[in-house]
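Here's a quick tour of a predicted model. Have the fold open while you read; the sheet comes up first, then a helix pair, then the cysteines.

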Amino acid sequence: MNIALLSPSQNSYSETFIQAHKEFLDGRIFYYYGASLPDKLEGGLVINSRKKRILDILKGYYRLNDFSLSEQALITSFKQNEIDLVFAEYGGTGEKIVSVCQKLNLPLIVHFHGFDACRSDELEANDNYKNVFNYASYIVCVSKKMQKELLELGCPSDKLIYNVYGPREEFFDVQPLFKKQQFIAIGRFVDKKAPYYLILSFIEVLKDFPDARLVIAGDGELWNTCRNLIDHFGLEKSIELPGVISPRKYREYLAESLAFVQHSVIAGNGDSEGTPVAVLEACAAGLPVISTRHAGITDVVLEEKTGILCNEHDIMAFSDNMKRLLQDANRAQELGRNGKKYISENFSLAKHIGQLNELISKSLS
């Protein structure tokens, strides 16, 4: 079968789940990207370019058939590539592709990931996904909180599938040493991940454990803010911001660290996590997770069994939880072992992909 996989971004370093979908979904994948309504085809021609067919330009520009230029370009490309099914990453992309799918009578699966199910501007821009809920064969969500939110928006329960991501197998091969007083975090420097809270919590940790270290990998709009905080408090020797790192380098940090840390919060515009893949990867590696009771994190981290959680914005409780593991490395190892076992039994990548392939098969039957 030929599957059109649509995503706004081509190779965002933080969207490892989309890379897994490209690699493991059954069928021949045609990857469209570049905007909410994608305008590029990976490994093929740019859809909306000067080289496009004059017929598409005329139809789209003059709205000769009620489709925009971008929509007409996708219609032509889907026909050329004999697409059998459309798989849309993010609700906004799903909403914008509905008319094209209707025109070509193509089944549609829409995979929600986080902000698209809760951020106020996204919901408003997409009319609360009424068209998606009406047309799509299946809607996939990655947390129980997201499942509830989509149901409240009007998604039919028989279409809504709860299916959490899974870490790649390489992460299960990591064997943490628990010899360093080091914490590792990774992700985009954005409001919902609140990396500045990690820094503020770690300042309290350093008062009792001056040799401890914190590594926050990734990039984003709050990176300079965090850099300024580190410089202001003179923490250059204690906190490292290595920028975007490879999965291999991340596994190296996991192997030498005491715990994974992430202080996720609901942002002012409603934005929140789905289920962070980095949390799943850390658990798979055998590292305990110190985080907040936020979105899908509570679905995959068992409090006091595989990790330690606190309420959002509580930097003192977060700091205390980091200190607990610095005081008791044996406890950290115990939580880590439990996490590796729990994730391997419940949230494997094979299980995640297997369920998606089953949905694809049902949509085509």
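Let's start with the open sheet: seven strands with mixed pairing, running in the order S3-S2-S1-S4-S5-S6-S7. The edges belong to strand S3 (40-41) and strand S7 (160-162); each has a single partner strand, so one side of each has no neighbour in the sheet.

Further in, strand S5 (residues 108-111) pairs with strand S6 (residues 138-141) in the parallel sense, over three bridges. Isoleucine 109, for instance, has tyrosine 138 in S6 as its bridge partner. Packed on the sheet is helix H4 (residues 91-104), which touches strand S1 (2-6), strand S4 (85-89) and S5. The direction of H4 makes about 170 degrees with that of S5.

Now for the helix pair. Helix H1 (residues 16-24) packs against helix H15 (residues 349-364) at about 60 degrees, with the axes 11 Å apart, and the crossing is right-handed. H1 brings Ala20, His21 and Phe24 to the contact, where they meet Leu349, His352, Ile353, Leu356 and Asn357 of H15. By class, that's five nonpolar residues, three polar and no charged ones.

What about disulfides, and how many are there? The count is zero. A pair would need its sulfur atoms within 2.5 Å, and these two cysteines are too far from their closest partners for a bond:

| Cysteine | Closest cysteine sulfur | Sulfur distance |
|---|---|---|
| Cysteine 118 | Cysteine 141 | 12 Å |
| Cysteine 310 | Cysteine 283 | 16 Å |

Both are tucked away too: cysteine 118 is buried at a relative accessible area of 12%, and cysteine 310 is buried at 5%.

How values were computed: Residues numbered from 1 in each chain as written. Predicted model: local features only at pLDDT ≥ 70, side-chain atom pairs only at ≥ 80, totals over all residues. Heavy atoms only, no water. Axes fitted to C-alpha atoms, helices over the stretch in contact; angles between N-to-C directions. Helix = DSSP H or I, 4+ residues; strand = E, 2+ residues; numbered from the N terminus. Left-handed = near helix turned anticlockwise from the far one by under 90°. Contact = heavy atoms within 4.5 Å. Nonpolar A, V, L, I, M, F, W, Y, C, P; charged D, E, K, R; others polar. Buried < 20%, exposed > 50% of the residue type's maximum accessible area, 1.4 Å probe, protein only. Pairing = 2+ DSSP bridges.
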